[in-house]
Amino acid sequence: MKLGDVERLRGELAEFVGDVFGSLPRRDQRRWGACYLRGLMLDGRRKSIQPMAERLPDGNMQALQQFVNQSPWDPLPVRQRIARRLSDAVMPEVWVIDDVSFPKCGRASAGVARQCCGAFGKRANCQVAVSVHAATDAASCPLDWQLYLPREWTDDPGRCHQAGIPDDIVHQEKWRLALGLLDNVTGWGLTAPVVVADVGYGVSTPFRHGLQERGLSQDGVLPTSTVPVEWPAGVDAPTGYWISNLSPETPTAQLVRWAKMRWRIEHDYRELKHGLSLDHFEGRTWRGWHHHVTLVTAAQAFLTLRRLDPKVHTLA
């Protein structure tokens, strides 16, 4: 967006921030939250804190740095409020589990390691996060995130301490992180309609058992590449994802729709990265990373709510 467009949204954005950042105890925290969101939505090649502060008329690099990297506000209540608002607006048919990589230089950023990097299509130095999204045919949004910590991190307490990783954080496989995210979101009072996951999760027997234990899977979880059905004429049989809550009566056309919703998450990642600079964060700490992804999620949520609001289109 151009600066004038972003400035015209100040009132609407202030109302949104007052709601989703209502858990933040201080007015100045909510003020800098709104400022950061405007910086994320504003046009610009690089959206790390310094260039964003320079583009905004009320930008203050030191204040934004402190808000994102040092301020002890809890991101989970913010994500909870975003998840509830977006679930009401989107009315998701599926929740999608996936992960995303963030290429990084050096070894100081929390969780960075040489590992499978989807952004490069090979092993590379990066961070990896697991996420759960709500999706329909027409819209999707992240609900919760967790940063993956390889064992080389959790086996080195000194390194974890330098990156501000809490003492109670231990190594967990990505499928365990995914189940933890599902527990978080259901704990917020939301209900998973159908769970769709990248095939890397679906082939994990413990992950499938975890879904069954949580009542999120009926008759096991089947890889769609082996579902014994005839796909409709002209439709390629989708592969590369898993669907839970299948029943023998599930129509083939419904399976196709759910399968395609898995790929809406790629749209999320593109918008979050290319439009809102999810991967532009230059901080190194655990807290800073989780604050940044929460703020990026809030920016996308605000834009999604505007896209779904019939009043906006009427006024336009």
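By the grid rule applied here, the count comes to 1 cavity of 30 Å³ or more, where a cavity is a set of points, on a 1 Å grid over the protein atoms alone, at which a 1.4 Å probe fits but cannot get out. The structure is a predicted model, in which local features need pLDDT of at least 70 and side-chain atom pairs count only at pLDDT 80 or more, while totals for chains, interfaces and linings use all residues. Residues are numbered from 1 along each chain as its sequence is written, and side-chain values use heavy atoms, with hydrogens and water left out.

The largest cavity has a volume of about 40 Å³, a volume being the space filled by probe spheres set on grid points that are joined across faces, edges and corners. Its lining, meaning residues with an atom within 4 Å of a point, consists of Phe-102, Pro-103, Lys-104, Gln-127, Leu-278, Asp-279, Phe-281, Trp-289 and His-292. The elements that give two or more residues to this lining are β1 and α14.

His-292 also belongs to the contact between α3 and α14 (heavy atoms within 4.5 Å), in which Gly-33, Tyr-36, Leu-37, Leu-40 and Met-41 of α3 meet residues of α14 that include His-292, Phe-302 and Leu-303. By class, this contact has 10 nonpolar, 2 polar and no charged residues, with Ala, Val, Leu, Ile, Met, Phe, Trp, Tyr, Cys and Pro counted as nonpolar, Asp, Glu, Lys and Arg as charged, and the others, Gly among them, as polar. The axes of α3 (residues 27–41) and α14 (residues 286–308) come within 9 Å and cross at roughly 70 degrees, which makes α3 roughly perpendicular to α14, a term that covers 65 to 115 degrees.

Helix α14 takes part in the largest pocket too: α6 (75–90), β4 (140–147), α9 (174–187) and α14 are the elements that give two or more residues to its lining. A pocket is an open set of points with protein on both sides within 12 Å along at least five of seven lines, and about 540 Å³ of space lies in the largest one. Of its 26 lining residues, Gln-146, Pro-166, Ile-169, Trp-286 and His-290 lie nearest its centre, and α9 gives the most to the lining, with 5 residues.

The second largest pocket holds about 280 Å³ of space, and among its 15 lining residues the closest to its centre are Asp-99, Val-100, Ser-101, Gly-118 and Ala-119. Here α13 gives the most to the lining, with 5 residues, and by class the lining has 6 nonpolar, 3 polar and 6 charged residues.

Conventions. Axes are lines fitted to C-alpha atoms, for helices over the stretch in contact, and angles run from 0 to 180 degrees between N-to-C directions. Helices (H or I, at least four residues) and strands (E, at least two) are DSSP runs, numbered from the N terminus. Angles under 35 degrees count as roughly parallel, over 145 as roughly antiparallel, 65 to 115 as roughly perpendicular and the rest as oblique.
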